[in-house]
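Biologist: Please give me a close reading of one part of this model, and then place that part among the elements described elsewhere in the chain. I should like the arrangement explained residue by residue where that is possible.

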Amino acid sequence: MGYEINFIGISEETNNADAIALRWEDQGKTTTIGVYDGGNQKYGEALGSFLDDYFLTSSKNTIDFVVCSHSDMDHSSGLKHILENYKVKKLYMNRPWLYIDKLFPFVDDGRITKESLEKRLRESYSYISDLEEIAERKGVQICEAFEGTTVSDEMVILSPSKEFYLDLLKESQKTPLTEDSANSFKKFFSKVRNYVRNLIETWTSEKLKEDVQTTPENEMSVVCLGGDYDEKNYFLLTGDAGLRALSNAISLTEGNGFSIKENVNFVQIPHHGGRHNVSSSLLNKLIGKIVQEGSIPTKTAFCSVGKNSDHPLQMVVNAFIRRGVKVYKTNGGTICHHVGIQINRPGWTSINREEFNRNVEDWED
């Protein structure tokens, strides 16, 4: 059993987005086709074209599973194109409005009813609400995506647990627990940053911080462990997970006698290589400690970024490289990682990996 993971890129300049196509093969025959996130609409269309060109055939014309890691537009919006235009067996995603009874006791405003809370949650999480509507209309089975859930036979979900997910919903600006909070999330936006490389790192010192945090929505990301279990070739898909979600994934696996650090050879760099999702201590547990400079890399990491993006940040690239990881980014192109199968696609070539650079971004941005 072999597999391939394809991070989809598009040739025009866009915001960073994640769209990933997966395929498993046994003795030359495709057994399972999956999708993890669909980016925005343009990424979703590019993902569909990739599936048409390389995965789907007359004898294997169905996508076995689609995973929506979380509700952010750059991960979920493009999946509308996939659900509308392709045969899909199962959609794995979490929907806040299913847990009204769990959330309603925390509502601190008598004007909010269960009905109005559900309506506002659907508005706040509109992209996954759209996915639900399409899936129900097309007869696609929707499955909860919580810790311990098996996705097909090749992947298992490590985070979030249902309890963690509900806690994150209560933290989120998108969850209207008061009348005033109903529209508060609309006021939040990401400021444009100008990253200046004023800091200097060495091989043994890095400038990542330990007290970083990301949004509750990012921490809701569905973290998946997959691969070829017989041959012990494993990969980890992280979406936009932060320190809490990734720590939960590590704890869950170690509690079951499995070490991500020791056994996973391919990792998705979370949140397009942002530095608020990882820390030195987290990476020591997830990837491993810093190796001797000049050592041959033993692991691989991919990062989805838009063409000419300023991500992944060099500070994050360095952190992975110094732990023995080869780092590659999409940067407008589709890139493929494969284990146990041969890939022969006309026009496809090898790409250069990211280099270690002592100059990294200043935190004053």
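**A covered strand, a helix and a sheet**

Modeller: In this predicted model, strand S12 (residues 264-268) and strand S13 (residues 299-303) are paired in the parallel sense, over three bridges. Within that pairing, Phe-266 stands opposite Thr-300 in S13. S12 also has strand S11 (residues 233-237) as a partner: three bridges join the two, and they run parallel. Here Leu-236 is the residue that stands opposite Val-267 in S12. S12 is mostly covered, since four of its five residues are buried.

Burial can be followed in a helix as well. In helix H5 (residues 114-124), the buried residues are Ser-116, Leu-117, Arg-120, Leu-121 and Ser-124. These residues lie on the same side of H5, because they cover an arc of only 135 degrees around the axis. The spacing has a general basis: an α-helix has 3.6 residues a turn, so residues three or four places apart point the same way. Glu-115 and Lys-119, by contrast, are exposed and sit on the face of H5 turned away from its buried side. The cover over the buried residues of H5 includes helix H4 (100-103) and H6.

The packing of H5 against helix H6 (residues 126-138) can be described further. Their axes are 5 Å apart and form an angle of about 100 degrees. Angles of 65 to 115 degrees count as roughly perpendicular, and H5 is therefore roughly perpendicular to H6. On the H5 side the contact involves Arg-122, Glu-123 and Ser-124, which meet Ser-126, Ser-129 and Glu-132 in H6. By character, the residues of this contact comprise three polar and three charged, with no nonpolar residue. Ser-124 is thus both a buried residue of H5 and a participant in the contact with H6.

There remains an open sheet of seven strands, with mixed pairing and the order S6-S5-S4-S3-S2-S1-S15. Its edge strands are strand S6 (141-143) and strand S15 (335-339), each of which pairs on one side only. From one strand to the next, the twist averages 20 degrees. At the S6 edge, strand S5 (residues 87-92) runs parallel to S6 and is joined to it by three bridges; Tyr-92 has Cys-143 in S6 as its bridge partner. Helix H1 (residues 41-55) lies across four strands, namely strand S1 (2-7), strand S2 (19-26), strand S3 (29-38) and strand S4 (62-67), and runs at about 20 degrees to S2.

Methods. Residues numbered from 1 in each chain as written. Predicted model: local features only at pLDDT ≥ 70, side-chain atom pairs only at ≥ 80, totals over all residues. Heavy atoms only, no water. Axes fitted to C-alpha atoms, helices over the stretch in contact; angles between N-to-C directions. Parallel < 35°, antiparallel > 145°, perpendicular 65-115°, else oblique. Contact = heavy atoms within 4.5 Å. Nonpolar A, V, L, I, M, F, W, Y, C, P; charged D, E, K, R; others polar. Buried < 20%, exposed > 50% of the residue type's maximum accessible area, 1.4 Å probe, protein only. Arc of directions from axis to C-beta. Pairing = 2+ DSSP bridges.
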